[in-house]
Amino acid sequence: AGADEVTLCTTDLLLEGVDFDLTYFPLKHLGYKAVVVAVSDLLAMNGRPEQLLVSLGVSSKISVEALDDLYAGIRFACEEMEVDLVGGDTKASVTGLAIHVTALGRARKEEVVYRGGAKLHDLICITGNLGAAYMGLQLLEPEFKGNEYLLQRYLKPAARKDIVELLAEEKIVPTSMIDLSDGLASDLLQICKASKCGARIYLDRIPIARQTTAFAEEIHTDPVVAALNGGEDYELLFTVPLALQERVMRMGVIGHITAENTGAYLVTPDGGEIRLKAQGFRDKE
């Protein structure tokens, strides 16, 4: 790293039976998603991902061909995100498949973004639609024809490297940022806790894809609940000063930061307020 640059490092562990089910999860997609999960954490620090280390715990039921599929997915994701796969380790596992991914990257010292920098009146921005990955998870058992988009959002989510590049182009350094792995409510509360602030987000501003809403109605689920608590969307949630309002309008402003003692709430169109709770769907399973 140059004199004004710092090295960033994140690490993630994915466990069979906890984070994925091999009955439904193609190994190629799993390899791809494992890279996205790690790289997304670096992007959430406003960093440029550069290198990746992957270690595997492999059970005897996984064939050599299946392992080739997993690595094909990992390599494909690395090529797509311009990250070098530089090493790792493989060991036998008696408890199922375990994937440990470490991502390394760089950022200029003054442009590194943490979760604890949000300030009063900052705008809360989101990079894409929410709830689709949770709906994709629901699709893995029933018929999914016509809902390929939702399935893709769960099995093959995109890391939002494009957003970090766009922020650099626009010369915007967010005050705080997090990637949405646990759900909008839970991840926004993490920013509130780290930044010692409250928040107001507006229900009618939460971006939800048409397919998510349609499928939610089909299975009698509220799409807003899926957007708030579903998780695994890997969109970026970030805050910027109010003065940058015009420059971030096309990125999706969903609310603003308030004083710590006001708490974190979802505001309904009629002005009602619902307290945000940290409850990803995975916690309830």
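I will go through three helix packings in this structure and then its second largest pocket.

Please keep in mind that this is a predicted model, in which local features need pLDDT of at least 70 and side-chain atom pairs count only at pLDDT 80 or more, while totals for chains, interfaces and linings use all residues. Residues are numbered from 1 along each chain as its sequence is written, and side-chain values use heavy atoms, with hydrogens and water left out.

Let me start with helix H1 (residues 27-43) and helix H2 (residues 64-80), whose axes come within 7 Å and cross at roughly 40°. Helices here are DSSP runs of H or I with at least four residues, strands are E runs of at least two, and both are numbered from the N terminus; axes are lines fitted to C-alpha atoms, for helices over the stretch in contact, with angles from 0 to 180 degrees between N-to-C directions. That angle makes H1 oblique to H2, given that under 35 degrees counts as roughly parallel, over 145 as roughly antiparallel, 65 to 115 as roughly perpendicular, and the rest as oblique. The contact, meaning heavy atoms within 4.5 Å, involves residues of H1 including Leu 27, Tyr 32 and Val 35, and residues of H2 including Leu 70, Ile 74 and Phe 76. By class, the contact residues of H1 with H2 divide into eleven nonpolar, two polar and three charged, where Ala, Val, Leu, Ile, Met, Phe, Trp, Tyr, Cys and Pro count as nonpolar, Asp, Glu, Lys and Arg as charged, and the others, Gly among them, as polar.

Turning to helix H3 (residues 132-139), we find its axis within 9 Å of that of helix H7 (residues 210-218), at a crossing of roughly 45°, and H3 and H7 are therefore oblique to each other. On the H3 side the contact is made by Ala 132, Met 135, Gln 138 and Leu 139, and on the H7 side by Thr 212, Phe 215 and Ala 216, a set with five nonpolar, two polar and no charged residues.

H3 also packs against helix H4 (residues 148-155), with the axes 7 Å apart and an angle of about 105°, so H3 and H4 are roughly perpendicular to each other. Among the residues that meet here are Ala 133 and Leu 137 of H3, and Tyr 149 and Arg 153 of H4.

Finally, the second largest pocket has a volume of about 260 Å³. A pocket is an open set of points on a 1 Å grid over the protein atoms alone, where a 1.4 Å probe fits, with protein on both sides within 12 Å along at least five of seven lines, and lining residues have an atom within 4 Å of a point; the volume is the space filled by probe spheres set on the points, which are joined across faces, edges and corners. H5 supplies the largest share of this pocket's lining, five residues.
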